[in-house]
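Morning, everyone. Please have a look at the protein on the screen, and then I'll walk you through it.

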Amino acid sequence: MRELNYQLKQLCRRNRDGSYRTQADRERQLTLIANQLHGLGYRRMNARSLKPKHVEALVQQWQQSALSTGAIKNRLTVIRWWAQKVDRRNVVARSNDHYGIPDRQFVSNDSKARTVTAVDLEQVRDQHVRMSLELQQAFGLRREEAIKFQPSFADQGDHIRLKASWTKGGKARVIPLKNDAQRRVLDRARHLAGNGSLIPSARNYRQQLRVYERHTANAGLSRMHGLRHAYAQQRYRELTGWPAPAAGGPGIKAMTPEQRRMDHQARQTISRELGHEREQVSAIYLGR
């Protein structure tokens, strides 16, 4: 193994920031970056020899290969993590504008919302996968969160509590219970899981993820992230009284000042419930 690859792997082993998935993605991307640097002719690097010229060369290669703006920004986030861990923060520009990377386009008024019906769920033969799908739909959970979900811990009566180890970025959060349907889903989840999680005791997370992917594919179910879009749009209607722009509601330009205030507050609430820090990201789910 080349020295840079080895040192970056060791850096990941010593710094367990974020969820399991975040750590795995970071290590995978750093391995790719190390290989690309070697291919660019930087053959004698170690983890502390990162310089601005290396970052510039990588960004130029990514742009020439038509990598998406979002993917480039994600890779720069990983490089910033690397630079921080070896105390070389100033090597990477703080703003992506420095590299000529345009703002990511979040706004879309084409709804990606979807639901799963009782008939859909009947086609899913694994009861734990079925329960995870129900939780994704009822609370807008990510797939990983719904698989790792431990009802006896999460159920707090009028809200659910998500552990940091379940979530993207390792950030715990709470989501309110607003209706009887959510309560029924939670009660069924508790009955199935008991004091455990929705990962059967004979499996680990990676094994259950493969089971989830296989059973949803066999049932003809895809793009289950759309369940989060549906949750966000339902919550928007509850909070404002009208549909989200992506669901046929008025766009921001057509709103009165009072409607814009309510729109902004609703987006902030929904962003927190979905586990995002920025209100801007709500446009992915709600439109603008």
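**Two unusual loops and one cavity**

Let's start at Asp87, which sits in the loop between helix H4 (69–85) and helix H5 (118–122). Keep in mind that this is a predicted model.

What is the phi of Asp87? The value is near 60 degrees, so to speak on the positive side, in a residue that is not glycine. Most residues other than glycine have a negative phi. Is Asp87 buried or exposed? Asp87 counts as exposed, because its relative accessibility is 58% and the cut-off for exposed is over 50%.

Now move along the chain to Arg223. Where is Arg223? Look in the loop between helix H10 (205–218) and H11. Arg223 is not a glycine, and still its phi is positive, about 55 degrees. Its relative accessible area is 76%, so Arg223 is exposed.

Next, the helix that follows that loop. H11 covers residues 226–240. This helix gives the most to the lining of the largest cavity, with 4 residues.

So what lines the largest cavity? Start with Ala138 and Pro176. Add Lys178, Asn179 and Gln182. Then come Tyr231, Gln234, Arg235 and Glu238. How much space lies in there? About 40 Å³. And how many cavities of 30 Å³ or more are there? The count comes to 1.

Let's step back to the whole protein. There are 13 helices and 2 strands. The C-alpha atoms fill a box of roughly 60 × 55 × 35 Å, taken along the principal axes.

How much of the protein is buried? Buried residues make up 45% of the 288 residues. On the outside, the protein exposes about 15,300 Å². Carbon and sulfur atoms supply 45% of that area.

Now the contacts. Take those with a separation of 6 or more. Residues 24 or more positions apart account for 64% of them.

Last, the charges. The protein has 53 positive and 26 negative charges. How far apart are their mean positions? They are 7 Å apart.

To recap the two loop residues: Asp87 has a positive phi near 60 degrees, and Arg223 has one of about 55 degrees. Asp87 is exposed, and Arg223 is exposed too. For the inside, remember the largest cavity, with H11 giving 4 residues to its lining.

That's my tour. Over to you.

Note on methods: Residues are numbered from 1 along each chain as its sequence is written. This is a predicted model: local features need pLDDT of at least 70, side-chain atom pairs count only at pLDDT 80 or more; totals for chains, interfaces and linings use all residues. Side-chain values use heavy atoms; hydrogens and water are left out. Buried means under 20% relative accessible area, exposed over 50%, partly exposed in between (1.4 Å probe, protein chains only). Contact means heavy atoms within 4.5 Å. Accessible areas come from the Shrake-Rupley method with a 1.4 Å probe; for residues, only the protein chains shown count as cover. Lys and Arg count as positive and Asp and Glu as negative; His and the chain ends are not counted. The place of a charge is taken as NZ of Lys, CZ of Arg, CG of Asp or CD of Glu. On a 1 Å grid over the protein atoms alone, a cavity is a set of points where a 1.4 Å probe fits but cannot get out, and a pocket is an open set with protein on both sides within 12 Å along at least five of seven lines; lining residues have an atom within 4 Å of a point. Grid points are joined across faces, edges and corners, and a volume is the space filled by probe spheres set on the points.
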